[in-house]
Amino acid sequence: MAKMYKLSSRAADKTGLVYASQIPANAGSVVKNADEQELFSEILMDSHKNYWFAKQSEEGSLSYKLFIFDHHKGVLKSHPIQGQPNFYEFDSCVVVACEGDGSKGSVLVFSKNEPELIKEWKVNGFLWEVEMEGDNLFISTYIAEENQAVLYIIADGKKKRVNLGSNFAPTDILCVNGRIHISCAPVLSGDPKKIMVLNCKGKLVSEHKLSISPRTIYQVGDEIMIYELDLATGKSEKIVYLNIETGEQKEHTIPHSQVVECTGQSLSLIQPDSNTLFTWDHSNRKIVESRKVI
């Protein structure tokens, strides 16, 4: 899964804003401009040490300005964008997904070497997730007017729309062994709750019904770990391990919390109300450490 940074999150998993200076000297920290306080997004430093961040033109506006600090040349570049931006870093590029007005969004692909815009793609609906495998780009959206979950596949310079179904949002994408795994959460309540498995062309291979409403999915060995987030209630107290080959599922209860990081060994969870950081061990399937954070 790509590294993602976002200006502010969807209603389902809301996060706050941070302050940043005009030149992002301290990536990821709260920085204030000496002359005036201005709200910027969180800052992504990519593998080439370029900095990426954005600023809303004014409160409530869909107009933003994307800033890119070119580390190699020491130049700050800017690019106008429309809609709340989310940053995804991949091996070859940085993708900026702009949510637009909910009916249409845009996905901008930038090079990391002397960062420049390569291509901009328009997509219908509310943007949910972006993933990349090789040269193929996958974008999931929900089109409210059609009550339709959609996967866009961009390959060989062409965009293909794949209709996934109705009454659910395609909340996350994970590419494993040449297959596209998409988590599907009900828009309101009830069903469907499932993982859809597609081939690289977008053809359905299999489905796995779930007992929880999935928000994010991660590869853990030969399993997929699914993190719960009920879009209607905001509930997030369970995870499920799904065996990719057999379809066997094992459900576990976790503290009400948000995912910080998932590795092959453990899952880090933060409980904002109590400022507690939990470490969940994948092997033992339990919390092995909890500590207060400032």
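Leaving aside neighbours within four places in sequence, valine 130 is in contact (heavy atoms within 4.5 Å) with Tyr88, Phe90, Val95, Ala97, Leu137, Phe138 and Ile139. This is a predicted model, in which local features need pLDDT of at least 70 and side-chain atom pairs count only at pLDDT 80 or more, while totals for chains, interfaces and linings use all residues. Residues are numbered from 1 along each chain as its sequence is written, and side-chain values use heavy atoms, with hydrogens and water left out.

**Cores**

Val130 belongs to the largest nonpolar core, which has 18 residues. A nonpolar core is a set of buried Ala, Val, Leu, Ile, Met, Phe, Trp, Tyr and Cys residues joined through side-chain atoms within 4.5 Å. Buried means under 20% relative accessible area, exposed over 50%, and partly exposed in between (1.4 Å probe, protein chains only). Phe90, Val95, Val107, Val130, Leu137 and Ile139 touch the most other members of this core. Two or more residues come from each of strands E9 (93-98), E10 (104-111), E11 (117-124), E12 (126-133), E13 and E14. Another core, of 14 residues, lies apart from it and includes Leu151, Ile153, Ile173 and Met196.

**Chain totals**

The protein chain has 0 helices and 27 strands; helices (H or I, at least four residues) and strands (E, at least two) are DSSP runs, numbered from the N terminus. Of its 294 residues, 50% are buried. Among contacts with a separation of 6 or more, 33% join residues 24 or more positions apart. The chain exposes about 14,200 Å², of which carbon and sulfur atoms supply 46%; accessible areas come from the Shrake-Rupley method with a 1.4 Å probe, and for residues only the protein chains shown count as cover.

**An open sheet**

Four strands form an open sheet in the order E4-E5-E6-E7, with antiparallel pairing. Strands E4 (44-45) and E7 (75-82) stand at the edges with a single partner strand each, so one side of each is left without a neighbour in the sheet. Two strands pair if DSSP finds at least two bridges between them. E4 pairs with E5 (residues 51-56) over 2 bridges, and leucine 44 stands opposite tryptophan 52 in E5.

**Glutamate 223**

Glutamate 223 is placed in strand E21 (residues 223-228) and is buried, at 14% relative accessible area. Its side chain makes a polar contact of 2.7 Å with that of arginine 285. A polar contact is a pair of N or O atoms within 3.5 Å; within protein, one must be able to donate a hydrogen and the other to accept it, and residues adjacent in sequence count only if both atoms are side-chain atoms. Not counting residues up to four places away in sequence, Glu223 touches Tyr218, Tyr241, Leu242, Asn243, Ile244 and Arg285.

**Backbone exceptions and cysteines**

Most residues other than glycine have a negative phi, and most peptide bonds are trans. Asparagine 147 and asparagine 177 each have a positive phi of about 50 degrees. The peptide bond from aspartate 191 to proline 192 is cis, with omega near 5 degrees, and Pro192 lies in the loop between E17 (179-186) and E18 (194-198).

| Residue | Loop between | Relative accessible area |
|---|---|---|
| Asparagine 147 | E13 (136-143) and E14 (148-155) | 23%, partly exposed |
| Asparagine 177 | E16 (168-176) and E17 | 65%, exposed |

The structure holds 0 disulfides (a disulfide is a pair of cysteine sulfur atoms within 2.5 Å). Cysteine 98 is buried at 0% relative accessible area, and cysteine 184 is buried at 0%.
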